Amino acid sequence: MSKRLIDLQHISKSYDGQMVLDDLNLYIRENEFLTLLGPSGCGKTTTLRIIGGFETPDTGNVIFDGRDITSLAPNERQLNTVFQKYALFPHMSIAENIAFGLKIRKKSKAYIADKIRYALKLVNLDGFENRSVDSLSGGQQQRIAIARAIVNEPKILLLDEPLGALDLKLRQDMQYELIRLKNELGITFIYVTHDQEEALTMSDTIVVMNQGYIQQIGTPEDIYNEPTNAFVADFIGESNIINGTMLQDRLVRILDVVFPCVDVGFGNDTPVDVVIRPEDVELVEPERGMLQGDVTSLIFKGVHWETEVLANGYEWLVHTTQMHPVGTHVGILVDPYNIQIMNKPESNDEKAVEIDA
Amino acid sequence: MRNLKRQLLAGPYILWMAGFIVLPTLVILYYGFTTTSGNFSLLNVTSIAFSVHLKALVLSLKLALSCTVICLVLSYPLAMILNSMKSKSQGLIVFIFILPMWMNFMLRILAWRLLLSNNGVINSLLGALSLPGLDILNTPKAVVFCMVYDFLPFMVLPIYNAMARIQPDIIEAAKDLGAGNITIFFKIIVPLTMSGVISGIIMVFVPALTSFAISDLLGGGKVLLIGNVIEQAFMQEYNWNLGSGLSVVLMVFVIASMALMNSHGDEGGGTFA
Amino acid sequence: MMKKSIERIYLFVIFLFLYLPILVLIVLSFNDSKAKVVWGGFTLRWYRELLANSAIMEAFYTTIFVSLASALIATILGTLASLGIDAMRGRGKAIMLGATNIPLLNADIVTGISMMLLFVRFTRLGLNTVLIAHITFNIPYIILNVLPKLKQRSRTTYEAALDLGATPLYAFFKITWPQILPGVLSGFLMAMTMSLDDFSVTYFTKGAGINTLSTMIYTEMRKGIRPEMYALSTILFIIALILLLFMNFRPAARKERRNP
């Protein structure tokens with residue numbers, strides 16, 4: 001594993017008595033694509049701004065490459081930010097925008113000209129040097145904002161919801177662009193978003209946050225397949241989250257039916273939350289099912305049918321490739337590997353919530 | 001078609017403008033370029049070269065320029081401080097700085113006459129502290145003083161508005177790219193407030209250049225500005241042709257100064273925003 | 001901290017510069033002494049004399065009448081004009097906008113003189129000519145306040161009203177009018193204050209015997225300063241304070257500021 005580049009130690013921050021971050025600890029490795037993911041108000045942007053130097057934490061330290069930079073001003077830090085609303089300088093040409101940081105560092109004219117050409121090529125906007133900022137589309141402005149940051153050769157690039165203002169198709173294209181850029185530049189990206197799909201597509205590591213606390217840190221696969229609590233399960237993708245009782249290791253009772261599973265270490269007769277992803281529920285003939293129910297709703301979604309099945313008093317959300325008309329009596333089958341057991345929430349921030357992000 | 005019908009709503013205004021803006025301008029041009037008997041003449045306009053008139057014009061330009069420069073120097077830091085205040089108190093403080101502007105123009109002149117006169121408030125205060133008195137009433141200094149007082153808000157407001165429009169993330173982006181406070185000031189804040197500065201300069205320079213009441217009341221008849229010359233031509237000498245001719249010259253100076261300023265800014269926008 | 005205190009001091013100095021003259025006028029208005037700087041005890045004498053001075057009171061009424069009437073007529077003409085200009089495109093619109101700026105940018109003295117030269121050809125100078133002149137320089141303030149509101153308004157709601165069966169006139173009053181009303185009101189108030197404060201244009205377009213406060217004070221000051229003027233200043237300052245408070249802190253203005 002490569003070395004730690006940024007180390008956030010015991011960071012707390014509150015505004016007007018409102019706690020935004022509470023004793024946050026997080027490290028970021030060299031050359032990692034790390035995403036801070038969570039609903040608005042979860043503290044992800046504040047975390048990014050503390051790393052960028054735009055906010056000072058109330059307590060705790062920011063260690064960069066072994067050096068404490070907590071009280072350094074943004075202009076004294078070796079990292080650059082791509083702002084949510086681009087923040088291009090409206091009174092300067094594209095070339096002047098990109099040259100801004102280099103001129104401050106007193107680079108030679110030839111060096112600056114080279115860098116501008118290189119950066120514009122990198123973001124696929126060759127020949128845009130003399131255009132004005134207003135003549136660019138949102139997506140183009142975003143690319144220039146990236147170019148303006150990376151010409152300074154930062155060790156870390158901070159991106160604050162950079163694709164938030166773009167439309168869907170462009171957003172997807174830019175996701176691949178960002179991955180390519182990161183690989184070509186070989187630097188660390190810290191990315192803030194509330195869009196789980198963006199996070200899953202691009203990241204090496206995802207940090208899920210809610211109400212100022214880190215909920216889970218892991219690879220996209222970990223986060224999706226093994227959420228640690230109801231909040232993460234609910235926030236990342238769609239889930240059936242059902243009350244259950246862990247009878248003993250590898251055996252859980254849900255809706256009065258005992259299911260075999262693979263989880264251990266929860267003790268005996270412990271109340272737990274059980275997560276089953278909709279695509280992991282199999283609909284079969286009634287007699288083959290572990291429990292039986294009736295289809296109550298059916299919506300065609302393109303790649304799959306979104307089916308709802310009422311069984312043992314719970315409305316199961318199921319994604320299937322086969323059509324089961326409303327009213328069909330079906331059986332429900334779940335593979336033990338696809339049952340994820342979680343402890344009951346101990347605090348508010350771990351609970352599943354309705355999110356309209 | 002419906003659109004055309006709606007355009008007709010501007011009709012009364014167009015007629016009004018034609019009658020009370022365009023027509024009067026033509027009339028003043030007519031008077032300015034004719035003699036009392038109605039013959040064409042350039043004499044009224046060229047009389048600006050008479051030494052009395054020329055001296056008044058030069059003095060007007062000098063005082064208006066001083067007033068504009070003082071207003072700019074006072075306003076820019078003021079606008080920056082106002083803009084940096086917490087938004088809660090900001091509304092109130094901006095309000096405090098506009099309020100005096102709403103006091104009647106004449107009464108503001110009156111107040112300064114009281115403050116500046118030889119046995120006035122300022123000199124009494126200075127005398128009480130056994131400091132030398134200030135003898136500036138009836139001098140160009142008093143006129144500039146009062147002009148600054150009168151026109152300061154016209155400079156503060158457009159600059160303040162331009163400053164308030166700068167998005168905070170633009171400043172953050174500059175810091176992020178390594179800019180210190182001085183670089184941010186000269187490379188970001190100054191260029192982005194230029195339109196406000198230009199509006200402010202026009203809004204202060206033009207009334208200062210053309211004012212006649214302030215110099216009349218605070219200059220004690222000793223400070224003769226081009227506005228006073230024109231006013232006297234009309235109200236005392238009843239020489240309308242001469243007054244009109246000099247007004248035309250004044251208009252040319254107003255237009256020229258605006259054109260000069262606007263050519264320095266990308267656009268004159270933000271004047272009243 | 002150092003920087004903060006320098007800022008405070010700077011604000012205070014400017015504040016003093018702005019308010020000292022007004023404060024002096026207010027204090028003197030209660031001073032029972034003809035000499036300017038000697039405090040002769042508290043009195044309301046100057047207020048009584050002010051109210052008894054028919055010339056000043058007449059000028060006061062004239063000022064109020066001219067500013068209200070000119071602002072009202074300018075508001076009607078200006079709002080109609082804004083609707084018309086908003087419907088225009090291209091060069092026509094550019095010409096109209098440019099022409100609207102002329103009276104704002106032209107020197108007051110030239111505006112006043114040119115109108116006077118026109119008026120004396122056709123009529124006698126008097127209250128009417130002052131009124132016409134004030135309306136003329138007030139209209140641009142209305143247009144400048146109403147046009148942006150027209151630009152901001154959502155066209156779809158107007159079209160939705162038509163779609164639901166409203167006549168254009170009904171849709172205008174029910175949908176468009178409420179959306180531009182804040183602009184109309186602030187235009188009206190701005191016009192009124194411009195008119196209250198005007199000196200130069202009134203000075204040239206008024207006839208003998210007609211005075212607004214500005215021209216009245218001007219004439220008086222050339223003769224000498226009478227203490228009633230201090231009382232008048234105090235009253236006008238309080239009126240300005242109330243008007244401005246009303247403009248800045250009325251509920252509609254609040255709402256606008258919150259969702260710019």
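This report describes the chain contacts, nonpolar cores, salt bridges and selected helices of a predicted model.

## Contacts between chains

Two pairs of chains touch, and chains B and C share the most contacts. Chain A and chain C, by contrast, do not touch, and their nearest C-alpha atoms are 17 Å apart.

Between chain A and chain B, 22 residues of chain A are in contact with 16 residues of chain B. This pairing buries about 1,600 Å², with 65% of that area coming from carbon and sulfur atoms. On the side of chain A, the three residues A:Asn75, A:His91 and A:Phe100 supply 30% of the area buried against chain B, more than any other three residues. The two chains are also joined by 1 salt bridge. A salt bridge runs from A:Arg49 to B:Glu172, with the closest N and O atoms 2.6 Å apart.

## Nonpolar cores

The largest nonpolar core comprises 179 residues, and B:Ile109 and B:Ile188 have the most contacts inside it. Helix α8 of chain B, residues 140–165, gives the most to this core, contributing 14 residues. Apart from this core lies another, of 37 residues, including A:Leu88, A:Leu120, A:Leu136 and A:Phe189.

The surroundings of B:Ile188 draw on two chains. Leaving aside residues up to four places away in sequence, B:Ile188 touches A:Phe89, A:His91, A:Met92 and A:Phe100 from chain A, together with B:Ile170, B:Ile171, B:Ala174 and B:Thr183 from chain B.

Elsewhere in chain B, B:Thr68 lies in helix α4, which spans residues 51–84. B:Thr68 has a relative accessible area of 6% and is therefore buried, the cut-off being under 20%. With residues up to four places away in sequence not counted, B:Thr68 touches B:Met155, B:Ile201, B:Val204 and B:Phe205.

## Salt bridges

Over all chains, the structure contains 31 salt bridges. One of them pairs A:Arg143 with A:Glu177, whose closest N and O atoms are 3.3 Å apart. This pair links distant parts of the chain: A:Arg143 is in helix α4 (residues 138–150) of chain A and A:Glu177 in helix α5 (residues 168–185), 34 residues apart. Both A:Arg143 and A:Glu177 are buried. These two residues also belong to a network of salt bridges that links them with A:Arg180 and A:Glu184.

Another salt bridge connects B:Arg6 and C:Asp86, with 2.9 Å between the closest N and O atoms. The pair crosses between chains, from helix α1 (residues 2–7) of chain B to helix α3 (residues 54–87) of chain C. B:Arg6 is partly exposed, at 23% relative accessible area, whereas C:Asp86 is buried, at 3%.

## Helix α10 of chain C

Helix α10 of chain C covers residues 213–223, and 8 of its 11 residues are buried, so this helix is largely enclosed by the rest of the structure. Among the buried residues are C:Leu213, C:Met216, C:Ile217, C:Tyr218 and C:Glu220. The helix is followed by C:Gly224, which has a positive phi, near 150°.

Within this helix, C:Glu220 and C:Lys223 form a salt bridge of 3.8 Å, N to O. The two residues are 3 residues apart, about one turn of the helix. C:Glu220 is buried, with a relative accessible area of 9%, while C:Lys223 counts as exposed, at 67%.

## A nonpolar surface patch

Chain C also carries a nonpolar patch on the surface, formed by C:Phe12, C:Phe15, C:Leu16, C:Leu20, C:Leu23, C:Val27, C:Trp39, C:Phe42 and C:Leu44, with about 870 Å² of accessible area together. C:Phe12 is located in helix α1 (residues 2–29) of chain C and is partly exposed, with a relative accessible area of 49%.

Conventions. Residues are numbered from 1 along each chain as its sequence is written. Chains are lettered from A and ligands numbered from 1 in the order in which they are written. This is a predicted model: local features need pLDDT of at least 70, side-chain atom pairs count only at pLDDT 80 or more; totals for chains, interfaces and linings use all residues. Side-chain values use heavy atoms; hydrogens and water are left out. A nonpolar core is a set of buried Ala, Val, Leu, Ile, Met, Phe, Trp, Tyr and Cys residues joined through side-chain atoms within 4.5 Å. Buried means under 20% relative accessible area, exposed over 50%, partly exposed in between (1.4 Å probe, protein chains only). Helices (H or I, at least four residues) and strands (E, at least two) are DSSP runs, numbered from the N terminus. Contact means heavy atoms within 4.5 Å. Patches are made of residues with over 30% relative accessible area and no salt bridge: like charges are joined within 9 Å, nonpolar side chains (Val, Leu, Ile, Met, Phe, Trp, Tyr) within 5 Å. Accessible areas come from the Shrake-Rupley method with a 1.4 Å probe; for residues, only the protein chains shown count as cover. A salt bridge is a side-chain nitrogen of Lys or Arg within 4 Å of a carboxyl oxygen of Asp or Glu. Buried area is the accessible area (1.4 Å probe) that two parts lose on being put together, summed over both.
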